[in-house]
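Me: I have some questions about how the labels for this chain were earned. Please set each value against its definition.

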Amino acid sequence: MNTSRFSRWLKSLPTHIVLIGICLMWILPTIGLLVTSFRPLQDVNETGWWTIFSKQKGYEEYQSSCAPCHGEDGNAVPSANLTDPDLVGKYRRSFNLLSLLNSEIDGQPHMESNAVPDEYAAADILSYMRRISGIEERPMFTLNNYIDAFTGYRGRNNYLSDCESGEQSLDLFCDVRDLANPRGMGRAFFNSLAVAVPATILPILFSSFAAYAFSWMHFKGRKWLFALLVGLQVVPLQMTLIPISRLYAQLGLNGTFLGIWLFHTGFGLPYAIYLMRNFLGSLPREIFESAYLDGASHWTAFIKLAIPLSVPALASLAIFQFLWIWNDLLVALVFLGGEHPVLTYQIGNMVTSLGSGWHLLTAAAFISMALPMVVFLVLQRYFVRGLLAGSVKG
């Protein structure tokens with residue numbers, strides 16, 4: 001018995017290893033993105049996210065070169081207290097520190113028998129001294145990246161410090177109104193919601209009616225019409241951008257939310273109808289026949305029976321449609337452009353033409369992916385059942 005159990009375990013071991021590897025390939029970059037989005041800019045420049053719990057930069061160099069005399073905390077010599085910001089502030093560059101280390105004190109070499117550090121080690125030591133003296137106060141984690149990304153901050157410091165000193169740019173108010181800044185992710189987040197929510201609800205609503213009709217209502221040409229709708233799934237979206245854009249220009253729908261709602265609804269309907277029709281068609285016929293015998297109309301059967309029983313398919317369809325629209329760039333760029341920027345468009349604007357602001361990309365990316373993750377986690381119990389909608393007849 002134990003031998004057979006061990007044999008089954010060995011057979012399943014490669015599968016488990018592959019699954020664990022796939023999970024790690026997805027989870028580790030996500031964790032790295034999340035951790036980096038909370039780190040200060042200087043730390044992101046100097047070290048990787050996996051070093052967050054290691055010693056500060058320059059700690060090892062300080063311990064080997066300075067700690068034997070000045071102590072581990074830097075305050076062992078009162079006349080040369082390295083925690084004094086006024087003293088450390090005199091050495092703004094590493095060569096200033098190197099000249100001191102190469103000098104003599106009371107006729108003796110400053111470093112005594114210890115080797116003088118090179119210029120790179122001196123720069124790390126100076127960076128560490130500036131941190132322990134309080135000149136450069138860097139928290140391990142900060143919300144500044146998210147605040148700067150939401151408000152579209154452009155500057156040398158960060159949004160909060162500029163607002164405190166009154167040095168903010170003219171288009172910032174230093175209050176909640178800055179969330180509507182055209183450069184910020186806050187406005188883009190609400191624009192994405194304004195696009196994704198209606199463009200998800202409309203296809204689900206229309207496809208539910210159509211799927212019920214194809215499944216339980218009998219009319220001439222039903223199968224041919226359904227086959228036509230299924231065939232529309234192969235039409236490339238890119239092929240229709242120019243003609244629909246020209247039509248929208250004539251109707252005044254370019255740059256409007258209504259135009260992009262209609263576009264996403266039109267291209268989402270073929271697959272939505274196909275999925276919902278397969279699911280509704282797999283429901284037991286006896287349930288609907290009993291309702292019809294009891295005098296229920298098609299509307300009553302649709303509301304009371306079809307919709308409650310179709311929750312797995314509806315949830316799966318909602319996940320697919322929402323994620324597709326939320327992550328879409330091409331359609332939003334063509335029909336909305338920069339007039340109503342969405343998240344996928346605005347992320348690229350976080351970096352200026354000169355390359356500054358790149359550290360905000362991690363926070364902006366996590367802002368963009370946070371809501372889809374929540375939607376998937378909330379509806380995941382319906383996801384697999386919805387994927388198998390109509391695949392088995394019973």
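Reply: Helices are DSSP runs of H or I with at least four residues, strands are runs of E with at least two, and both are numbered from the N terminus. By that count the chain has 19 helices and 2 strands. Trp299 lies in helix α15. This is a predicted model: local features need pLDDT of at least 70, side-chain atom pairs count only at pLDDT 80 or more, and totals for chains, interfaces and linings use all residues. Residues are numbered from 1 along each chain as its sequence is written, and side-chain values use heavy atoms, with hydrogens and water left out.

Me: Why is Trp299 called exposed?

Reply: Exposed means over 50% relative accessible area, buried under 20%, and partly exposed in between (1.4 Å probe, protein chains only). Trp299 has 53% relative accessibility, so it counts as exposed. Of the 394 residues of the chain, 38% count as buried.

Me: How do you know that the chain is more spread out than a compact globule?

Reply: The radius of gyration is taken over C-alpha atoms, and the globule rule is 2.2 Å times the number of residues to the power 0.38. For 394 residues the rule gives 21 Å; the chain has 31 Å, well over that, so it is more spread out than a compact globule. Its C-alpha trace spans about 110 × 75 × 35 Å along the principal axes.

Me: What share of the contacts with a separation of 6 or more joins residues 24 or more positions apart?

Reply: Contact means heavy atoms within 4.5 Å. The share is 70%.
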